[in-house]
Amino acid sequence: MSNEKSTAFAPLTSPLKGTAKLPGDKSISHRAVLFAAMAEGMSHLAGVLDSEDVRSSINVVTQLGAKVDLLPSDDGSLEGTVTGWGSNGPIQPTEPLDCGNSGTTARLLMGMLAPWGIEATITGDDSLKRRPMRRNTAPLMKMGVQFKPAEADHLPITENGCKQLRAITYDAPMASAQLKTAVLLAGVYAKGKTTVNEPAPSRNHTELMLPEFGVTTTAGTRVATVTGPALMHASDIIVPGDPSSAAFLCAAAILKPGSALTIENVSLNPARIGFVRTLERMGANIAEHRTGAEGKEYVGTITVSSTGSLRGCEVPSQHFASIIDEVPILALVAAHAKGVTVFRGVSELRVKESDRLQAIIDGLDKLGVDAWEEGGNLFVEGDPGLEIPEGVVFDTHGDHRLAMTWAIAGLTGNTPVEVKGFDCINVSYPNFLTDIERLCS
Ligand code: S3P
């Protein structure tokens, strides 16, 4: 166990009630900043998530010559302009590009740098340096990009772009929006059609946003294509609320008796709200209502209230990508359900910000819940009468999604728990606790 500071989470004294508005979606915020940096002209962005991960994207594009004027607005989101490098391309950076904890920044950046004649070293924090990168470098090498060391699977990696990129058709070995996006972003500058086929659908924010920046893009259920070369032009983007952050409030409302919440202005992209489908199948009182769209992204509200009798369910592997970031919090809800919940095909969780698969199993074990992995599937044997033992101390392993999951275990439980290294929530949801406190007052 690390000697990081620990934060105590005592059971909430009142239910969660009222209306919540969430910070901007992290995936869409990254793309808005990164695509605006690539484009010619000045883009106006609003609702951008102000978190450490998005700041990593802002920092690297600034190092590469984009002019970012995003300032905190009244609701805490970032708003303002980004003037991109457009046809001039990025400038030669003088220092390594530090992506912090952000896999999205590092992997998308590899595609963004692909068409330019500069040399850049991409690096990150200890967690990011442990995450696999060959999945990205392999298709980009096929397009003509060079990486040093060529076979490296881990950051730091130095990239040399290629001004005559080859368009490719790539069969991705896993459903990963970060991999898909990197190849498509390189494809923007390759002559002809660059296509990525996926084994299962991953989130499609890139395919929805690239046309707004002037890139001819077509997309099917497991395939996306861009036609290059295209000169990206500036665009105006409003980022809706983050469903992945909403999932934590939903779980808290489901588990805390007497709660009833409406979460407004949240992205209802079907590739992102698999957790709503899963919670429905567990018998939870939850529903989404589309109210409109921001760009091509569906937006609306989620209503959710406490649910006394949850049941286990099975989540097939083809739905895994739609809950990829929500498995920790769904596993906690499953721990309160009657019967076994099976999350199929979840090995990818081993290479997230931490080994989330092992961390979920270890954390649930501390709660006295049986959870195990077999054949790449996660099994959670729930207990509707779950009583948290006294003195539980969780380790976040520096992983924001685990930090919020274990905080909710304490907040909705019967006795306080401690969470070590809780500050890592700043990666995606800095106001998590303030939002919960406001909804309980
Ligand atoms: C993301 C894609 C997913 C997700 C991550 C954000 C994105 O990762 O887990 O938090 O914004 O493209 P993978 O593409 O590695 O599956």
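Q: How far is an oxygen atom of the ligand from an N or O atom in the side chain of Ser-176?

A: They're 2.8 Å apart, which fits a polar contact (a pair of N or O atoms within 3.5 Å). Keep in mind that this is a predicted model, where local features need pLDDT of at least 70 and side-chain atom pairs count only at pLDDT 80 or more, while totals for chains, interfaces and linings use all residues. Residues are numbered from 1 along each chain as its sequence is written, and side-chain values use heavy atoms, with hydrogens and water left out.

Q: What about Arg-31 and Gln-178, how far are they from a ligand oxygen?

A: For Arg-31, a polar side-chain atom lies 2.7 Å from a ligand oxygen. Gln-178 uses a backbone N or O atom, at 2.9 Å.

Q: And how much of the ligand does the protein cover?

A: It covers 96% of the 380 Å² of accessible area that the ligand has on its own (Shrake-Rupley method, 1.4 Å probe).

Q: Which residues are around it?

A: Among them are Ser-27, Thr-104, Arg-107, Arg-203 and Lys-352, each with a heavy atom within 4 Å of the ligand.

Q: New topic: how many cavities of 30 Å³ or more does the search find?

A: One, in the whole structure. A cavity is a set of points on a 1 Å grid over the protein atoms alone where a 1.4 Å probe fits but cannot get out.

Q: How much space is in the largest one?

A: About 350 Å³, the volume being the space filled by probe spheres set on the points.

Q: Which lining residues are closest to its centre?

A: Gln-178, Arg-203, Ile-324, Asp-325 and Lys-352, out of 27 that line the largest cavity (lining means an atom within 4 Å of a point).

Note on methods
A polar contact is a pair of N or O atoms within 3.5 Å; within protein, one must be able to donate a hydrogen and the other to accept it, and residues adjacent in sequence count only if both atoms are side-chain atoms. On a 1 Å grid over the protein atoms alone, a cavity is a set of points where a 1.4 Å probe fits but cannot get out, and a pocket is an open set with protein on both sides within 12 Å along at least five of seven lines; lining residues have an atom within 4 Å of a point.
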